[in-house]
Amino acid sequence: MTTPPDVLRCAYTELVVTDLAASRAFYVDVLGLLVTYEDSEAIYLRAFEEYLHHSLVLRRGPVPAVAVLAYRVRAEADLALAEAYYRELGVRVERRPAGATRGIGEAVRVQDPLGFPVEFFHHAEHTERFTQRYDVHGAGALSRLDHFNVTTPDVPAARAYYEGLGFRVSEDIRDNEGTVYAAWMFRKPTVHDVALTGGDGPRLHHLAFATHERHQILHICDHLGALRRPEMIERGPGRHGVSNAFYLYVRDPDGHRVEIYTHDYYTGDPDNPVISWDVHDNQRRDWWGNPVVPSWYAEASAVLDLDGNPQPLVARAEAREADVTIGADGFSYTAGEQGFKLGQQV
Ligand SMILES: O=C1C=CC(S(=O)(=O)O)=CC1(O)O
Ligand SMILES: [Fe+2]
């Protein structure tokens with residue numbers, strides 16, 4: 001294989017939303033994202049520590065979907081590497097001129113081997129970084145885009161593809177028979193830039209923003225309660241087993257899932273130990289042992305191809321996590337002295 005592009009981090013995504021005003025109310029008024037630019041067709045939003053033009057684009061459209069998952073690369077020269085790398089993979093590759101996406105420089109956009117629309121860019125318009133604009137931060141201030149979580153049928157194949165791009169695994173969930181249910185992979189020195197969730201795909205399971213404090217996540221819950229919109233809270237707040245992050249999952253007006261996440265850990269040393277969780281461990285998804293709501297396993301956002309058409313789904317062939325969290329003996333377990341406990345769907 002040719003040399004892959006030097007990916008720095010997940011950088012932005014573009015969501016197609018059916019009601020731009022309702023989505024603006026959610027992402028700006030509730031989640032507190034900053035508006036870099038908006039018009040009647042699209043809104044460009046960023047988290048407080050982002051100084052590039054945007055972390056998220058909301059674009060008006062007929063059907064909720066994901067138009068692109070974008071990664072920033074270290075230098076403009078990485079665009080040529082990306083183009084060559086993906087042409088060698090035999091997938092569709094497009095060069096996009098500067099400004100094809102407002103605020104983004106020249107880019108390479110591909111339909112990756114997993115079926116996702118993925119973009120690589122370096123140059124982007126700089127805008128004010130609001131790190132210390134505490135006069136503007138709401139009580140639920142989101143600091144940065146942290147990761148994408150993608151649903152894909154074959155997790156080992158997806159892991160190999162991302163390892164080819166220089167991503168490393170921080171954690172995974174597997175069983176004693178060798179089935180891999182999920183994996184977390186990183187370029188920036190945190191737990192992940194992308195998570196691979198075994199399921200029918202390609203779909204976006206969620207995008208995640210990081211906060212600095214747990215109370216900011218709790219405020220978002222209280223804010224949704226005050227709006228009498230508790231149904232937008234899908235899962236959490238809680239403490240993850242995988243990643244150790246304090247988390248909340250909310251659903252936007254179109255059902256796109258957004259995670260708000262804080263307190264994962266540093267992974268930057270070359271010998272960072274990989275953590276593998278047993279799929280029957282009740283604490284892997286929630287450290288406090290709370291069950292995972294069924295919708296979290298089942299629902300995710302459609303993704304578009306490079307022509308804007310929804311990608312057909314490939315069904316997962318291996319066992320599905322939601323079906324196997326309880327062992328054949330009817331038990332799941334809590335590690336340590338407690339031994340086994342009556343299984344519950346976690
Ligand atoms: O970001 C994440 C970190 C951990 C988990 S899990 O539910 O703890 O496995 C899910 C997640 O992928 O959203
Ligand atoms: Fe996540």
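A polar contact is a pair of N or O atoms within 3.5 Å; within protein, one atom must be able to donate a hydrogen and the other to accept it, and sequence-adjacent residues count only if both atoms belong to side chains. The model is predicted, so local features need pLDDT of at least 70 and side-chain atom pairs pLDDT 80 or more, while totals for chains, interfaces and linings use all residues. Residues are numbered from 1 along each chain as its sequence is written, chains are lettered from A and ligands numbered from 1 in the order written, and side-chain values use heavy atoms, without hydrogens and water.

**Exercise 1.** Which side chain joins glutamate 171 in a polar contact?

*Solution.* Start with the place: glutamate 171 sits in strand 10 (residues 168–174), a strand being a DSSP run of E with at least two residues. Next, look at its side chain: a polar contact of 2.5 Å links it to the side chain of tyrosine 265. Finally, scan for contacts (heavy atoms within 4.5 Å): leaving out residues up to four places away in sequence, glutamate 171 touches nine residues' worth of surroundings including Trp184, Ser243 and Trp277.

**Exercise 2.** In what order do the eight strands of the open sheet lie?

*Solution.* Strands pair if DSSP finds at least two bridges between them. Following the pairs gives 2-3-4-1-5-8-7-6, with mixed pairing. At the edges, strand 2 (34–38) and strand 6 (93–96) each pair on one side only. Now zoom in: strand 5 (residues 65–73) and strand 8 (residues 117–121) run parallel, joined by four bridges. Here tyrosine 71 stands opposite phenylalanine 120 of strand 8.
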